[in-house]
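User: I would like to go through the terms used for this model and see how each one is earned. Please set the values against the definitions.

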Amino acid sequence: MKIAHDFAPAEALALMKPDGVTNLSRRGFLGVSAGALLIGALLPAGQARAQASEAIKPGTRIPAFLELRSDGTVRLLSPFVEGGQGIATGAAQIVGEELDVHPSRFAVECAPPGPDYAVINGLRMTGGSFSTRSSYMVFRQLGASLRDMLIRAAAARLDVPRAELDTDDGVVRHAASGRSIVYADLVAEALKLEPASEVALRDPSTFRYIRQPMDRLDVRDKSTGKAVYAIDQKVEGMLYAAVVHGEHFGTEPTAIANEAETLTMSGVHAVHRLPGAVAVTANSWFRARKAVEQLEVTWTAPKPTGLDTIAADFSSAGMLAALKASTDKGVPAETVGDADAAFASAARLIEADYDAPYLAHGQLEPPSALARFNEDGTLELWISNQMPELFQMYAAKTADVPVEKVIVHSPMLGGFFGRHFLYGSSSPFFQAILLAKETGKPVKVLWSREEEFKMDAARPLSFSRFSAALDKDGMPVAIKVRTVGEGPIGRWFSSVFKDPVDSSAVEGIVAKPYAIPNRSMEYVKVVHPVTIAFWRSVGHSMNDYFSESFFDEIAAAGDKDPYELRRVLLQDKPRHLHLLDVVATMSGGWKRGPYEVEGVKRARGVSMASPFGSETATIAEVSIEDGSVRVHNLWIAFDPGSIVNPRIVQSQVESAAALGLSATLHEELPYEGGVRQVSNYDTYTILSRDEMPKVHVEIVESGEPMGGVGEPGLPGVAPAVVNAVAALTGQRIRSLPLAKATFGA
Amino acid sequence: MIKLKINGTEREIDADEDTPLLWALRDEFDMTGTKFGCGVGLCGACTVHLDGVAVRGCQTAIGDVGASEVTTIEGIAGKAAEAVKAAWVDLQVPQCGYCQSGQIMSATALLTDNPKPSDDDIVTAMDGNACRCATYVRIHAAVKRASEMMEG
């Protein structure tokens with residue numbers, strides 16, 4: 001039986017490797033226009049794959065996506081998982097625009113696994129701030145195609161020329177005769193028609209739903225307790241399971257001293273040994289938890305030392321020291337001009353080391369998974385996930401059933417943030433399958449918050465060494481960066497992305513827009529023993545802090561104003577310059593400070609970032625209160641090219657900014673003695689309501705290709721805040737979170 | 001057997017007295033609108049009312065409830081509750097939505113007690129309800145909106 005700890009990183013995404021596709025660049029892969037469709041990438045069974053590749057072009061078969069119901073509502077099966085980002089509403093707006101049905105009458109569900117939904121260049125996932133930009137044209141085409149077929153069906157039934165027909169919010173009308181037919185009455189005939197090879201899309205100047213601040217489809221349910229998450233699932237005859245993992249990650253239970261007594265506890269069904277964990281099944285989760293937490297378990301010992309596992313002496317400080325001490329030669333991540341020559345002839349050199357800690361996702365819904373083996377031989381799963389086909393595949397391996405026998409339900413997520421990819425044993429779904437198999441009953445596994453803080457896959461601790469060369473006028477002529485560590489792309493997607501430079505480790509350091517003529521960025525891969533993860537904005541979450549903060553160090557060394565220096569180095573980049581203008585105007589004109597507000601000194605910092613195909617400029621205003629940083633205002637000018645729902649975009653940017661601020665001020669998942677030093681929200685501090693600043697967002701639609709929305713608000717926050725802190729206190733903070741530092745100002 | 005009055009209905013539960021109200025609601029009575037977040041009273045996702053007072057369901061043992069009336073997101077009603085739910089929809093407060101039952105329960109308790117709260121009153125009353133999506137700005141505005149609605 002395939003078990004969680006057999007889930008080796010090297011293999012993890014090997015199954016994601018689509019046949020015949022190698023050496024993609026991430027940029028090319030994630031580019032909407034990339035040509036090759038990697039159809040059926042996630043279908044391991046040869047037959048299914050062949051069938052899928054030959055027969056199904058993702059995003060085209062209308063019945064796989066749309067159901068027109070007789071009550072005038074539309075059921076949309078979405079490739080994407082809703083986790084608060086608003087994709088269900090956005091999808092309804094886009095399809096509804098072309099189909100001509102008001103979005104409020106859509107019911108959007110996450111589709112089951114299947115090749116139809118592999119709309120991201122043949123792959124299906126919800127992540128990378130990629131949903132809307134990857135599916136915008138797919139959804140429009142689907143809506144337009146179905147509308148066209150409905151009109152043709154109506155033309156045939158009414159025996160009138162197609163050109164005499166129009167639609168009006170779910171109805172086909174023949175104005176000349178005053179006749180009309182509702183969509184649902186036409187759909188059977190319409191779907192017998194061949195879809196047109198090309199259908200005219202609506203002229204954007206006539207959009208009624210796209211670009212409008214339409215209500216979210218899920219708000220009413222979420223305001224009345226009716227929204228259903230994975231944790232809320234229940235099926236007949238289900239057992240509840242609670243687990244305790246070894247204190248040291250990767251250790252195994254060897255003996256349970258009080259197993260017999262535990263079995264006599266109220267409601268307890270059984271005690272179980274799992275890979276890396278013990279479990280109790282019971283008739284309620286509280287009873288299961290009470291029982292599992294009083295088990296007297298002996299665990300195997302962790303390795304005493306070393307960085308290949310989380311050894312008994314592993315610490316995040318030791319890991320950071322190892323990254324800093326690495327002398328390995330790096331691979332070039334970006335090379336422009338001749339940095340060495342520029343350094344040799346520079347008037348002044350500066351150097352600085354930056355680091356950022358491991359982070360937890362901290363989504364409020366603790367992980368859970370419900371597994372049921374059905375009498376027909378299928379395995380049915382209700383699981384938090386952002387990649388249904390991947391979970392389906394590993395479920396099949398774990399349960400030893402054919403992949404097509406695995407039914408995956410993907411309920412809405414109580415927090416996203418990158419938590420729900422498959423990171424080895426960081427998901428409880430392996431356990432649910434094993435326990436359902438062992439007990440012969442449906443089992444719902446739920447992790448306590450403490451187990452979640454033990455098992456969550458972490459944003460990698462990161463380190464980069466920066467140096468810059470300035471000319472006699474104080475202008476930067478060269479920059480060098482050495483990034484040492486590992487990113488989640490390299491860990492989990494290495495079979496797809498062969499580039500030795502892990503884009504998720506260096507994004508935010510490379511491809512900055514500034515006209516610094518000589519640049520040399522290198523990447524040294526040093527693998528973490530920690531299970532690492534995508535975390536909202538991924539490499540940008542720390543790297544834009546590093547590079548934009550170091551930018552201000554360059555400005556300071558050259559005696560330049562950091563905002564003005566950015567303008568000078570962006571003079572040939574109108575998109576960026578415009579954002580700098582916008583953010584300055586929003587904040588009442590650039591002023592760095594310090595200045596006084598109500599008798600307290602404040603200062604401001606600025607930053608720019610280019611995450612996920614979007615562009616941001618951010619200004620933060622800070623003061624010092626009781627030795628700690630308080631952020632009063634964040635002004636964010638945000639250019640994602642074009643948008644679908646301005647209200648959802650605004651809330652995503654606000655939310656991302658707040659998470660960025662939370663990480664800037666507080667968040668840290670430290671290890672000491674091989675054990676994580678946090679266990680709940682009292683030790684893993686997150687931004688409090690009282691600390692929430694005013695977040696001012698202005699959306700700029702430059703018309704550039706559509707970029708991401710969910711993550712890009714985050715990366716600019718840390719550098720803007722840290723730059724403001726430097727302006728206010730003179731202290732340049734090169735290691736997050738700020739809670740580690742004390743400030744006198 | 002322990003008797004509880006939940007949303008106006010007498011219920012019986014065969015469970016230990018130390019069972020948290022949260023788990024009685026979720027696992028025994030299938031009322032899953034009340035959420036589990038941290039289990040130690042830090043996040044507020046499990047907020048319910050005992051005789052109209054906001055309490056943490058994970059920190060309230062069913063043996064301690066006695067004759068107090070339990071109100072959950074499923075049963076919450078009245079002027080303040082209706083105003084709060086309407087304001088939540090009007091201002092499109094939720095994102096992932098997981099914490100919002102608890103937020104609404106805390107907001108309703110606040111407004112029932114204090115129909116015209118100051119900004120500080122709102123922050124203080126809502127401080128125990130965490131939102132990882134950080135919908136705090138809209139929550140604050142929605143509490144004020146609900147307060148206005150209650151006047152009208």
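User: How many residue pairs are in polar contact across the interface of chain A and chain B?

Analyst: The rule finds 27 such pairs across that interface, both residues being at pLDDT 80 or more. A polar contact is a pair of N or O atoms within 3.5 Å; within protein, one must be able to donate a hydrogen and the other to accept it, and residues adjacent in sequence count only if both atoms are side-chain atoms. This is a predicted model, in which local features need pLDDT of at least 70 and side-chain atom pairs count only at pLDDT 80 or more, while totals for chains, interfaces and linings use all residues. Residues are numbered from 1 along each chain as its sequence is written, chains are lettered from A and ligands numbered from 1 in the order in which they are written, and side-chain values use heavy atoms, without hydrogens and water.

User: What makes B:Asp30 and A:Lys234 a salt bridge?

Analyst: The term asks for a side-chain nitrogen of Lys or Arg within 4 Å of a carboxyl oxygen of Asp or Glu. The N to O distance between the side chains of B:Asp30 and A:Lys234 is 2.4 Å, so the pair qualifies. Eight salt bridges are found across the interface of chain A and chain B.

User: Which helix gives the most to the side of chain A that touches chain B?

Analyst: H21(A) does, with eight residues. Helices here are DSSP runs of H or I with at least four residues, strands are E runs of at least two, and both are numbered from the N terminus.

User: Why are H18(A) and H19(A) called roughly perpendicular?

Analyst: Their axes come within 9 Å and cross at roughly 100 degrees. Axes are lines fitted to C-alpha atoms, for helices over the stretch in contact, with angles from 0 to 180 degrees between N-to-C directions. Angles under 35 degrees count as roughly parallel, over 145 as roughly antiparallel, 65 to 115 as roughly perpendicular and the rest as oblique. H18(A) and H19(A) are therefore roughly perpendicular.

User: Which residues of H18(A) and H19(A) meet?

Analyst: A:Glu548, A:Phe551, A:Asp552, A:Ile554 and A:Ala555 in H18(A) meet A:Pro562, A:Leu565, A:Arg566 and A:Leu569 in H19(A), contact being heavy atoms within 4.5 Å.

User: What is noted about the peptide bond from A:Gly593 to A:Pro594, and about phi of A:Arg211?

Analyst: The bond from A:Gly593 to A:Pro594 is cis, with omega near 5 degrees. A:Pro594 is found in the loop between helix H20 (574–586) and strand E21 (595–597) of chain A. Another cis bond runs from A:Leu736 to A:Pro737, with omega near -5 degrees. Phi of A:Arg211 is near 80 degrees, a positive value in a residue other than glycine. Most residues other than glycine have a negative phi, and most peptide bonds are trans.
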